[in-house]
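Thanks for making time for this; I would like to walk you through one structure, beginning with a few aromatic rings and ending with a sheet. Please have the sequence and the model open while I talk.

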Amino acid sequence: MHKGKWKIIFILISIVLIVVVSNYFTRDKYTAINEDTIKKVSGKEEFELLNYKIVNNVDKPFSLIAYKDHKRIGVGMLTIVNGQEEFVRELEIQEDKKQVVQTIGRKRGSPYLALFINSEKILMYGKTISITFPNQRTQTKKMDVKETVYIFISDSSDTRFKPTEVDIRDGQGKVIYKK
């Protein structure tokens with residue numbers, strides 16, 4: 001009887017090992033993303049690529065892509081899963097040139113905020129763009145006169161990613177846009 005108990009334990013351990021190993025080999029494999037892949041996808045999807053942010057230092061690498069498609073602007077997520085490019089248009093809104101800045105964002109999963117700047121004055125004179133969050137943490141980026149879209153990605157899955165303040169400053173540090 002003692003010998004039979006060991007056989008059962010051996011069989012159970014073998015089954016667990018088989019399940020774990022087969023799960024490892026059958027799970028989705030994500031591949032790092034590069035600039036060439038983003039350009040290829042923008043051509044295939046037939047939209048104007050405005051900006052992108054590549055995040056390869058996570059378990060499931062992805063890229064957020066800001067685009068314009070006719071009179072709509074949006075943000076999509078690109079992943080490469082099992083060697084296949086997967087692009088999902090997540091959020092789109094009507095482009096409104098009357099608005100100085102338009103925002104698109106997501107609070108869950110990989111939270112982000114994309115700012116689409118429509119004002120020539122802000123594009124010309126803006127030097128830094130900052131967003132402040134409820135926890136008082138701030139992210140700041142230097143502006144480039146040629147860039148009309150800025151993407152900020154949360155470094156956590158904190159659902160409080162909704163910014164409490166967005167401001168753009170000129171070269172002297174004067175606020176030229178605040179929301």
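**Aromatic rings and a small sheet**

Let me begin with Phe-87, which is buried, with a relative accessible area of 15%, and let me say straight away that what we are looking at is a predicted model. Since burial here means under 20% relative accessible area, Phe-87 falls on the buried side of that cut-off with its 15%.

Which rings does Phe-87 pair with? Ring pairs link Phe-47, Tyr-67 and Phe-87 into a cluster, and I will take the pairs one at a time. A pair of aromatic rings is described by the distance of the centres and the angle of the planes. The count of aromatic pairs in this model comes to three. In one of them, the rings of Phe-47 and Phe-87 have their centres 5.5 Å apart and their planes at 40 degrees, so this pair is classed as tilted. Phe-47 lies in the loop between α2 (35–45) and β1 (48–55), whereas Phe-87 belongs to strand β4 (residues 84–94), so the pair ties together parts that are 40 residues apart in sequence. Phe-47, like Phe-87, is buried.

The pair of Tyr-67 and Phe-87 is edge-to-face, with 6.2 Å from centre to centre and 70 degrees between the planes. Here Tyr-67 comes from strand β2 (residues 62–69) and Phe-87 again from strand β4, so this contact ties together parts that are 20 residues apart in sequence. Tyr-67 is also buried, and its relative accessible area is 0%.

Tyr-67 has a charged partner as well, for the charged end of Arg-89 sits over its ring, 5.0 Å from the centre. A second arrangement of this kind involves Lys-141, which lies over the face of Phe-152 at 4.9 Å from the ring centre.

Let me now turn to the sheet. Three strands form an open sheet in the order β5-β6-β9, and their pairing is antiparallel. Which strands stand at its edges? They are β5 (101–106) and β9 (149–153), each of which has a single partner strand, so one side of each is left without a neighbour in the sheet. On average, and with direction ignored, neighbouring strands of this sheet are turned by 15 degrees against each other.

Looking at one pairing in detail, strand β6 (residues 112–117) runs antiparallel to β9 and the two are joined over five bridges. To find a position on the model, you can start from Ala-114, whose bridge partner in β9 is Ile-151.

Conventions: Residues are numbered from 1 along each chain as its sequence is written. This is a predicted model: local features need pLDDT of at least 70, side-chain atom pairs count only at pLDDT 80 or more; totals for chains, interfaces and linings use all residues. Side-chain values use heavy atoms; hydrogens and water are left out. Two strands pair if DSSP finds at least two bridges between them. Helices (H or I, at least four residues) and strands (E, at least two) are DSSP runs, numbered from the N terminus. Axes are lines fitted to C-alpha atoms, for helices over the stretch in contact, and angles run from 0 to 180 degrees between N-to-C directions. Rings of Phe, Tyr and Trp (its six-membered ring) pair if their centres lie within 6.5 Å; planes under 30 degrees apart count as stacked, over 60 as edge-to-face and the rest as tilted. Buried means under 20% relative accessible area, exposed over 50%, partly exposed in between (1.4 Å probe, protein chains only). A charge sits over a ring if NZ of Lys or CZ of Arg is within 6 Å of the ring centre and within 35 degrees of the ring normal.
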